[in-house]
Amino acid sequence: MRNFVISAFALAALGACAQQGPTELTQEQLVARGEYLVTAIGGCNDCHTPMTPQGPDMTQSLQGATLGFAPTMPMPWAPVAPPLAGIPSHFTQEQFAAFLQTGVRPDGSRPLPPMPAYRLNEEDARAITAYIATLPSASEATATPPSE
């Protein structure tokens with residue numbers, strides 16, 4: 001009987017130590033994670049947001065911008081970073097998340113440098129997509145009068 005109790009206790013202790021499966025994030029948590037990945041890790045605002053002398057103009061976050069730098073030797077190059085806020089109009093949210101995972105657009109093309117070919121995992125791609133979808137698109141941002 002004593003061995004049975006010890007064995008049962010040991011199994012219960014091992015079960016408590018077992019790795020838990022990933023928990024599903026709420027939409028709010030997904031958006032917050034996406035914001036963190038975009039602003040603190042990915043550096044998306046460095047190209048896709050207009051620059052001021054102090055850095056990205058966050059009032060126009062991810063609205064697209066002309067790049068303030070270029071390669072020093074001839075190469076394919078995108079001189080303008082397109083707007084991302086609100087998800088680009090030629091992408092669905094699923095297509096945008098797939099683009100972040102594969103680096104391939106829905107039409108099969110790849111972006112030009114300096115855009116890196118991200119290969120994000122599904123959870124990070126979904127989080128970034130969720131955050132970017134919450135931002136007003138460039139057309140919405142210009143149509144909305146400033147609040148007083």
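Guide: A residue is called buried when its relative accessible area is under 20%, exposed when it is over 50%, and partly exposed in between. Keep that scale in mind as we look at this structure, which is a predicted model.

Visitor: How should I read that scale for E123: is this residue buried, exposed or partly exposed?

Guide: E123 has a relative accessibility of 39%, and because that value falls between the two cut-offs, E123 counts as partly exposed.

Visitor: Which residue does E123 pair with in a salt bridge?

Guide: The general idea is that a side-chain nitrogen of Lys or Arg lies within 4 Å of a carboxyl oxygen of Asp or Glu. Here E123 forms such a bridge with R33, and their closest N and O atoms are 3.8 Å apart. Since E123 belongs to helix α5 and R33 to helix α2, the pair ties together parts that are 90 residues apart in sequence.

Visitor: What is the accessibility of R33, and which other residue meets its side chain in a salt bridge?

Guide: R33 is partly exposed, at 29% relative accessibility. Its side chain also meets that of D124 in a salt bridge, with a distance of 2.6 Å from N to O. D124 lies in helix α5 while R33 lies in helix α2, so this pair ties together parts that are 91 residues apart in sequence. D124 is buried, with a relative accessible area of 13%. Through shared partners, the salt bridges join R33, E123 and D124 into one network.

Visitor: How many salt bridges are found in the whole structure?

Guide: A search of the whole structure finds three. One of them links E24 with R126, whose closest N and O atoms are 3.3 Å apart. E24 sits in the loop between α1 (2–17) and α2 (27–42), whereas R126 sits in helix α5, so the pair ties together parts that are 102 residues apart in sequence.

Visitor: Where do E24 and R126 fall on the scale of exposure?

Guide: E24 is exposed, with a relative accessible area of 64%, while R126 is partly exposed, with a relative accessible area of 32%.

Visitor: Helix α5 keeps coming up, so let me ask about T129, which has its place there: what does T129 touch?

Guide: Helix α5 spans residues 122–134, and T129 is placed within this helix. Leaving aside residues up to four places away in sequence, T129 touches I87, Q93, F96, A97 and L100. Its relative accessible area is 3%, and because buried means under 20%, T129 is a buried residue.

Definitions and conventions. Residues numbered from 1 in each chain as written. Predicted model: local features only at pLDDT ≥ 70, side-chain atom pairs only at ≥ 80, totals over all residues. Heavy atoms only, no water. Helix = DSSP H or I, 4+ residues; strand = E, 2+ residues; numbered from the N terminus. Buried < 20%, exposed > 50% of the residue type's maximum accessible area, 1.4 Å probe, protein only. Contact = heavy atoms within 4.5 Å.
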